[in-house]
Amino acid sequence: MEKLTGFKKINSAVFISGTGSNLNNLLKFSTLKKSKIKINLILSNNHKAKGLIFARKFKIQKKIINYKITSTAEKKILKLLKMNEIDLICLAGFMKILSKNFIKNFKGKIINIHPSLLPKYKGLNTHKRAIENNEKFSGCTVHYVNSRLDGGKIISQKKVKILKNDTPNSLAKKILKQEHLLYIKALKKIYSNL
Ligand code: GRF
């Protein structure tokens, strides 16, 4: 199949901690013939993450990592990534911060989606903070991961208008819809030359 389409797909892993709507979206995209990525591994620090149901649905192997000791967890993850010949890590609502050392091992191969227009509103509670600051717009960003939290090079961004009656919840919903489109757009941009 890969030979027929003329390119070798990028072996990818998706890291999640929660609902996994971005994971679901990435999985759907990865099954398309035109997709340049193939998802081989789903990884979570949280065995209760709702998104883990998508592993079964799409028949992709999943691994739950005990994060009590970060260095041990990361060692385990690196081993799994090597074993599965992973070339791209997509963070999608992964609530752990990767260490400098981990990132060094996957330099330029880790991307993340963040629900704000970076560099504004790094970290948590982005929608609440944007509304409280009377921002006219918020949005989402796909960026490379480096050792600064939400600070890596931006790949793609999408603006979303904040309406007067928006709550953090309503804004989160609107932005999440855009996140799904943006993640795919960013992947297409990264691999456009393949
Ligand atoms: C998304 O808003 C993403 O930007 C943020 O965490 C949320 C994850 O949502 N990093 P989901 O688990 O993909 O539904």
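**Close-up views of a predicted model**

**View 1. The lining of the largest pocket, sorted by residue class.** In this predicted model, the lining of the largest pocket is made up of 15 nonpolar, 16 polar and six charged residues. The space within the largest pocket amounts to about 1000 Å³. There are 37 lining residues, and those closest to the centre of the pocket are Gly-93, Met-95, Ile-113, Pro-115 and Leu-124. Several elements of secondary structure contribute to this lining, with α2 (21-30), β5 (110-114), α6 (126-132) and α7 (168-190) each giving at least two residues. The largest share belongs to α7, which supplies five residues of the lining.

**View 2. The open sheet and the order of its strands.** The sheet is built from seven strands, which follow one another in the order β3-β2-β1-β4-β5-β6-β7, and their pairing is mixed. At the two edges stand β3 (61-64) and β7 (154-161), each of which pairs on one side only. Going from one strand to the next, the twist averages 20°.

**View 3. The pairing of β1 with β2.** Strands β1 and β2 run in the parallel sense and are joined over seven bridges. Two of the bridge partners can be picked out by name: Ile-10 has Ile-37 of β2 as its partner, and Ala-13 is matched in β2 with Leu-41. Seven of the eight residues of β2 are buried, and this strand is therefore largely enclosed by the rest of the structure.

**View 4. Two helices that meet the sheet.** Helix α2 packs on the sheet, where it touches β1, β2, β4 and β5, and the direction of α2 makes about 155° with that of β2. Helix α4, which spans residues 70-83, lies across β1, β2, β3 and β4, and runs at about 155° to β2.

**View 5. Helix α2 and its surroundings.** Is α2 largely enclosed or largely open? Because eight of its ten residues are buried, α2 is largely enclosed by the rest of the structure. The buried residues are Asn-22, Leu-23, Asn-24, Asn-25, Leu-26, Leu-27, Phe-29 and Ser-30. These buried residues pack against the strands β1 (10-16), β2 (37-44), β4 (88-91) and β5, and also against the helices α3 (53-58) and α7. Helix α2 is also one of the elements that supply at least two residues to the lining of the largest pocket.

**View 6. A cis peptide bond and a positive phi in the loop between β5 and α6****.** Most residues other than glycine have a negative phi, and most peptide bonds are trans. The peptide bond that leads from Leu-118 to Pro-119 is cis, with omega near 15°, and Pro-119 is found in the loop between β5 and α6. Tyr-121 also lies in the loop between β5 and α6, and this residue has a positive phi of about 55° although it is not a glycine. With a relative accessibility of 12%, which is under the 20% limit, Tyr-121 counts as buried.

**View 7. A positive phi in the loop between β6 and β7****.** Asp-150 is placed in the loop that runs between β6 (137-144) and β7. Although Asp-150 is not a glycine, its phi is positive, at about 55°. Is Asp-150 buried or exposed? Its relative accessibility is 10%, and so Asp-150 counts as buried.

Conventions: Residues are numbered from 1 along each chain as its sequence is written. This is a predicted model: local features need pLDDT of at least 70, side-chain atom pairs count only at pLDDT 80 or more; totals for chains, interfaces and linings use all residues. Side-chain values use heavy atoms; hydrogens and water are left out. On a 1 Å grid over the protein atoms alone, a cavity is a set of points where a 1.4 Å probe fits but cannot get out, and a pocket is an open set with protein on both sides within 12 Å along at least five of seven lines; lining residues have an atom within 4 Å of a point. Grid points are joined across faces, edges and corners, and a volume is the space filled by probe spheres set on the points. Helices (H or I, at least four residues) and strands (E, at least two) are DSSP runs, numbered from the N terminus. Ala, Val, Leu, Ile, Met, Phe, Trp, Tyr, Cys and Pro count as nonpolar, Asp, Glu, Lys and Arg as charged, and the others, Gly among them, as polar. Buried means under 20% relative accessible area, exposed over 50%, partly exposed in between (1.4 Å probe, protein chains only). Contact means heavy atoms within 4.5 Å. Two strands pair if DSSP finds at least two bridges between them. Axes are lines fitted to C-alpha atoms, for helices over the stretch in contact, and angles run from 0 to 180 degrees between N-to-C directions.
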